[in-house]
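User: I would like to learn how to read salt bridges, burial and strand pairing from a set of coordinates. Could you take me through one case?

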Amino acid sequence: MNFYTKLGLITDRPTCMFFNSKPHFLIQKTVEKKEGRFTKDGALVVLTGKHTGRCAQDRYVVKTKNTEDRIWWENAINPMTVETFDKLQKKIVTHLNEQKELFISERSVGADAVHNIGVRLVTGHPSHSLFAHNLFREKQRELDDRDFTILHAPGLTIDANEFGTRAPQVIVTDFDRKITLIVGTFYAGEIKKAMFSVLNYVLPDNNVLPMHAGANRLENGETGIFFGLSGTGKTTLSTDVGTYLIGDDEHGLSDDGVFNFEGGCYAKTYKLTEETEPEIWTASNRFGAMLENVALKEETGEVDFFDKSITENGRSSYPLEFIAELEKSARGGVAKNIFFLTADAFGVLPPVAKLTTDQAMFYFVLGYTAKLAGTEVGITEPKAAFSPCFGAPFMLRHPRVYADLLGHYLEKHKINVWLINTGWTGGAYGVGERFPLKVTREIVRSIQKGELNNTDMTKDSIFGFERPSMVPNVESKLLNPKLTWRDPAAYEKEARKLEESFRKNMEKFGSFIS
């Protein structure tokens with residue numbers, strides 16, 4: 001406990017200090033403290049209060065000589081001084097010492113013997129310790145000064161004026177001392193994404209591409225990677241019957257192949273059904289899973305995954321071993337196919353297109369999807385949204401760093417890249433219909449079986465990528481979005497408008513096409 005004592009934590013209280021506790025104990029503690037309750041199937045349900053998603057505008061990095069020229073500050077990353085960090089850390093340590101019970105978890109991120117980092121979570125809440133147990137991995141060695149510590153104080157309210165922050169909630173990392181502070185938000189996803197951000201900062205220096213992507217392995221050993229923003233189908237498509245899940249969200253790519261950063265999954269639950277996503281459904285409805293911000297039917301204790309009265313961002317966290325078809329090593333070879341998932345709410349992108357290396361780098365930095373009417377105040381029609389590298393909130397380096405690594409691996413290993421539209425066809429949101437999941441699954445499965453390798457391709461006159469002329473078990477009309485619109489001229493106008501927005505958005509990054 002010497003490490004924790006040096007942080008200022010009072011560890012000489014054995015009856016209320018819980019170190020690397022087992023999941024069943026943490027679940028019991030959560031219920032005892034009335035911080036959670038059981039569903040009829042034994043899953044733990046917790047509520048996170050005001051914050052049911054990430055606090056995207058409240059990310060900070062301590063600005064020092066080592067970080068000032070390496071952080072992509074323009075990416076809504078706020079600088080914090082060493083002095084302010086010290087003051088905030090002291091306040092959080094005092095808060096933690098005042099807690100009746102303290103839970104410490106020592107885990108790791110990165111299923112790789114070389115590229116893994118230990119992580120210590122110190123919190124007063126057993127459900128968050130459970131989350132760390134589910135989402136992080138067994139530590140591969142005793143932790144030392146190479147590793148990171150998260151001091152977690154979700155129930156502490158700070159004066160934003162005192163600390164010069166935007167709001168009372170703050171997520172800040174000091175890379176020199178390898179400490180992250182989380183204050184003012186109970187949303188567990190901040191714990192997971194804090195360490196993802198750390199890996200995004202550290203791994204490029206080791207020639208490893210960190211990816212906001214899912215990955216799976218086929219029976220023949222081939223690996224597939226699925227990039228995508230929230231709501232595009234990353235977890236759903238990487239967790240498919242007949243494939244072995246490597247992971248659903250965060251991975252690294254090196255010459256040795258793909259490796260999962262995590263030890264669990266953090267799946268969205270809105271509209272989750274046993275029929276459409278059987279493995280996620282089963283994993284979420286059992287003892288050991290933790291559900292955040294989902295509604296329960298009071299009379300039966302059943303989860304209502306179609307009730308979004310709390311939030312549409314309900315979540316399920318569970319360990320990887322809850323998935324039946326699992327790649328237990330959490331590793332795979334260098335990918336044969338990479339999929340860029342986008343939910344195009346304008347209905348103009350095809351359900352599948354093949355990209356050249358230059359186009360792949362362009363769309364990777366673009367990170368396009370669309371926000372829907374009604375999802376945010378003021379949005380009355382679909383709106384293009386861009387998140388560079390399909391994960392800008394977690395990318396601490398400039399996109400050029402990640403794009404150069406991607407281009408290197410695409411060329412060296414001859415990886416195929418496919419753009420997959422999981423959004424709308426036949427018109428924009430409100431007019432057209434969303435591609436059925438079964439159509440998208442058929443496309444991905446056909447690609448992974450090699451069935452599109454010799455298919456005739458047509459170059460798209462507006463976007464420049466190639467569209468396949470046929471996909472087994474998919475209506476050919478769907479492959480050309482113009483044919484699904486009632487008014488071809490209206491399609492043409494909308495498609496050119498979207499393509500122009502792509503080019504305009506990329507101007508600030510310079511040319512990614514040689």
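User: How many salt bridges does a search of the whole structure find?

Analyst: This is a predicted model. Over the whole structure, the search returns 34 salt bridges. The cut-off is a side-chain nitrogen of Lys or Arg within 4 Å of a carboxyl oxygen of Asp or Glu. One of the pairs is Arg70 with Asp205, at 2.5 Å from N to O.

User: Which parts does the pair of Arg70 and Asp205 tie together?

Analyst: Arg70 sits in the loop between strand 4 (59-62) and strand 5 (78-80), and Asp205 in the loop between helix 6 (189-202) and strand 11 (209-217), so the salt bridge ties together parts that are 135 residues apart in sequence.

User: Are Arg70 and Asp205 buried or exposed?

Analyst: The cut-offs are under 20% relative accessible area for buried and over 50% for exposed, with partly exposed in between. Arg70 has 31% relative accessibility, so the label is partly exposed. Asp205, at 48%, is partly exposed as well.

User: Where do Glu492 and Arg496 lie?

Analyst: Both belong to helix 12 (residues 488-506), four residues apart, which is about one turn of the helix. Their closest N and O atoms are 3.1 Å apart, and the two form a salt bridge. Glu492 is partly exposed with a relative accessible area of 23%, and Arg496 is partly exposed at 44%.

User: Which residues do salt bridges with shared partners join into one network?

Analyst: The network consists of Lys192, Lys193, Lys234, Asp249, Glu250 and Glu262. Another salt bridge to look at is that of Lys308 with Glu312, where the closest N and O atoms are 3.6 Å apart. Lys308 is partly exposed at 45%, and Glu312 is partly exposed at 38%.

User: Now burial along a strand. How many residues of strand 11 are buried?

Analyst: Nine of its nine residues are buried. To read this by face, take the two sides in turn: Leu209, Met211, Ala213, Ala215 and Arg217 are on one side, with Pro210, His212, Gly214 and Asn216 on the other, and both faces are covered.

User: How do strands of a sheet pair in general, and which strands does strand 11 join?

Analyst: Strands of a sheet pair through backbone hydrogen bonds, in either a parallel or an antiparallel sense. Here strand 11 runs antiparallel to strand 14 (residues 250-254), with four bridges between them. His212 has Glu250 as its bridge partner in strand 14. Glu250 is also a member of the salt-bridge network. Strand 12 (residues 223-228) is antiparallel to strand 11 too, through five bridges, and Ala213 is partnered there by Phe227. Three bridges link strand 11 to strand 13 (residues 244-247), again antiparallel; the partner of Arg217 in strand 13 is Tyr244.

User: What phi does Gly221 take in the hairpin of strand 11 and strand 12?

Analyst: Gly221 takes a positive phi near 95°, in a hairpin with five residues between the strands.

User: What is the order of the five strands in the open sheet, and which stand at the edges?

Analyst: The order is 2-3-17-20-16, with mixed pairing. Strand 2 (37-38) and strand 16 (264-268) stand at the edges with a single partner strand each, so one side of each has no neighbour in the sheet. Within the order, strand 17 (residues 290-292) and strand 20 (residues 315-319) pair antiparallel over three bridges. Leu291 is opposite Ser316 of strand 20.

Note on methods: Residues are numbered from 1 along each chain as its sequence is written. This is a predicted model: local features need pLDDT of at least 70, side-chain atom pairs count only at pLDDT 80 or more; totals for chains, interfaces and linings use all residues. Side-chain values use heavy atoms; hydrogens and water are left out. Buried means under 20% relative accessible area, exposed over 50%, partly exposed in between (1.4 Å probe, protein chains only). Two strands pair if DSSP finds at least two bridges between them.
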